[in-house]
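Student: I'd like to learn how to read a model like this one, feature by feature. Could you walk me through it?
Tutor: Happy to; let's look at the model together and start with the ligand.

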Amino acid sequence: MDHEADAYRTDLMTITRFVLNEQSKYPESRGDFTILLSHIVLGCKFVCTAVNKAGLAKLIGLAGETNVQGEEQKKLDVLSNEVFVKALVSSGRTCILVSEEDEEATFVERSKRGRYCVVFDPLDGSSNIDCGVSIGTIFGIYMVKDDHDPTLDDVLQPGKHMLAAGYCMYGSSCTLVLSTGEGVNGFTLDPSLGEFILTHPDIKIPKKGKIYSVNEGNAKNWDAPTAKYVEKCKFPKDGSSPKSLRYIGSMVADVHRTLLYGGIFLYPADKKSPNGKLRVLYEVFPMSFLMEQAGGQAFTGKQRALELIPKKIHERSPIFLGSYDDVEEIKALYAAEVKGE
Ligand code: AFP
């Protein structure tokens, strides 16, 4: 390997080059999406830096606490939200923003308004920050119907209407996984260049996996199909090997592993939470969009996840997503339940 030549490589496929290439397939495109995406990427880089130095910079702590200079310290999730809202509004390409951190949707003022609606969780898995577990940002992008008259209905749309979705994982490396509706690609941040480089082109999830991922502590409250499915994972009756259990409790990390290695991630309904825990707009939809684009499936227990029509911006839904064959099995169990078998 010629390391010297490698050090001078400038022909790398950066995320900007990748999106510009995609854009060139649409001659009518005005470059708005590329600009929007570059602002999302900027937000991800900023949050990545903040997450990496969280321990050092004493960024961890309760929002409202003060540091030695008497300045108010922000919790990382509060900081990340501000970073993304500012980056998205300043792109001049957004119209409505829905963030996990904000109770109400933000309607961008007319002078800064564009055609895109962005739904996002700026720092998902934030309860894991203090122990250094991988966490991430999740986002989905819709197009507004009429940018002169944006309404909440522009974001209360089924996930299949998303134009793009992705996540950025802040882990041992910073990885951004993106789909613009034509497959899934993964980019890794090269900290020396400050650029995301295409490292995982055209990700395809294995058709069947060997891993299941669920918070089994909730098992006593599960419904019958979920309980049966997990039992099958552990005690298969068809002579196959039991699946391994992996659960981090940080959706981006659990879904990232599922996407690369195959298997199933589930956050089902239970007696205590009949709608599960995860939020439709900025957790369930973007991850389901990526799974389908990678050849997998996403199911709510009742229907294809991307066909759900949310009624509220912070609505929750049960979710089963991952390898095609694994999700088929859980679908069959729910179908049997409906038939009373
Ligand atoms: P936090 O952001 O509060 O850490 O929640 C993370 C999350 O929304 C998602 O990332 C995980 O998959 C899920 O919750 C874990 O939930 P349980 O702790 O109930 O298993």
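Student: How many ångströms separate an oxygen atom of the ligand from a polar backbone atom of Met251?
Tutor: Keep in mind that this is a predicted model. For a polar contact, look for a pair of N or O atoms within 3.5 Å. Here the ligand places an oxygen atom 2.7 Å from a polar backbone atom of Met251. A ligand oxygen also lies 2.7 Å from an N or O atom in the Tyr267 side chain, and for the side chain of Glu283 the corresponding distance is 3.2 Å. Taken on its own, the ligand has 480 Å² of accessible area, and the protein covers 78% of that.

Student: Which residues around the ligand are the closest?
Tutor: Of the 14 residues that surround the ligand, the closest are Asp124, Ser127, Tyr247, Met251 and Tyr267. Sorted by class, this shell holds six polar, five nonpolar and three charged residues.

Student: Which domain does UniProt list for residues 205–334?
Tutor: An unreviewed UniProt entry gives "domain: Fructose-1-6-bisphosphatase class 1 C-terminal" for that stretch. In the model, residues 205–334 are 36% helix and 12% strand, and 23 Å separates the C-alpha atoms at the two ends.

Student: Let's turn to single residues. Is Asp254 buried or exposed?
Tutor: The cut-off for buried is under 20% relative accessible area. Asp254 has 0%, so it counts as buried. This residue sits in helix H7, which spans residues 251–261. A polar atom of the Asp254 side chain lies 2.9 Å from the backbone nitrogen of Ile248. Beyond its sequence neighbours up to four places away, Asp254 touches Ser213, Arg246, Tyr247, Ile248, Gly249 and Phe265.

Student: And Tyr261, is that one buried or exposed?
Tutor: Its relative accessibility is 55%, and exposed means over 50%, so Tyr261 counts as exposed. Tyr261 lies in helix H7 too. Setting aside neighbours within four places in sequence, Tyr261 is in contact with Pro206 and Ile211. The C-alpha atoms of Tyr261 and Gly209 are 6.9 Å apart, although 52 residues separate the pair along the chain.

Student: What should I look for in backbone angles, and what is phi for Asp202?
Tutor: The general idea is that most residues other than glycine have a negative phi. Asp202 has a positive phi, near 45°. You will find Asp202 in the loop between strand E8 (195–200) and strand E9 (211–213). With a relative accessible area of 46%, Asp202 is partly exposed.

Student: Where does Gln297 lie, and which residues does it touch?
Tutor: Gln297 is in strand E12, residues 297–299, and is buried at 9% relative accessibility. Its side chain has a polar atom 3.1 Å from the backbone oxygen of Tyr324. Apart from residues up to four places away in sequence, Gln297 touches several others, including Met291, Phe320, Leu321, Val327 and Lys331.

Student: One last residue: where is Ala269?
Tutor: Ala269 belongs to the loop between strand E11 (264–267) and helix H8 (280–293). A loop residue can still be checked for burial, and at 14% relative accessibility Ala269 counts as buried. Leaving out neighbours within four places in sequence, its contacts are Trp222, Asp223, Pro274, Gly276 and Pro318. The C-alpha atoms of Ala269 and Thr300 are separated by 9.0 Å, with the two residues 31 places apart along the chain.

Notes:
Residues numbered from 1 in each chain as written. Predicted model: local features only at pLDDT ≥ 70, side-chain atom pairs only at ≥ 80, totals over all residues. Heavy atoms only, no water. Near = heavy atom within 4 Å. Polar contact = N/O pair within 3.5 Å; in protein donor to acceptor, adjacent residues only side chain to side chain. Areas by Shrake-Rupley, 256 points an atom, 1.4 Å probe, with all protein chains shown as cover. Nonpolar A, V, L, I, M, F, W, Y, C, P; charged D, E, K, R; others polar. UniProt positions renumbered as here; feature names shortened; annotations may be inferred. Helix = DSSP H or I, 4+ residues; strand = E, 2+ residues; numbered from the N terminus. Buried < 20%, exposed > 50% of the residue type's maximum accessible area, 1.4 Å probe, protein only. Contact = heavy atoms within 4.5 Å.
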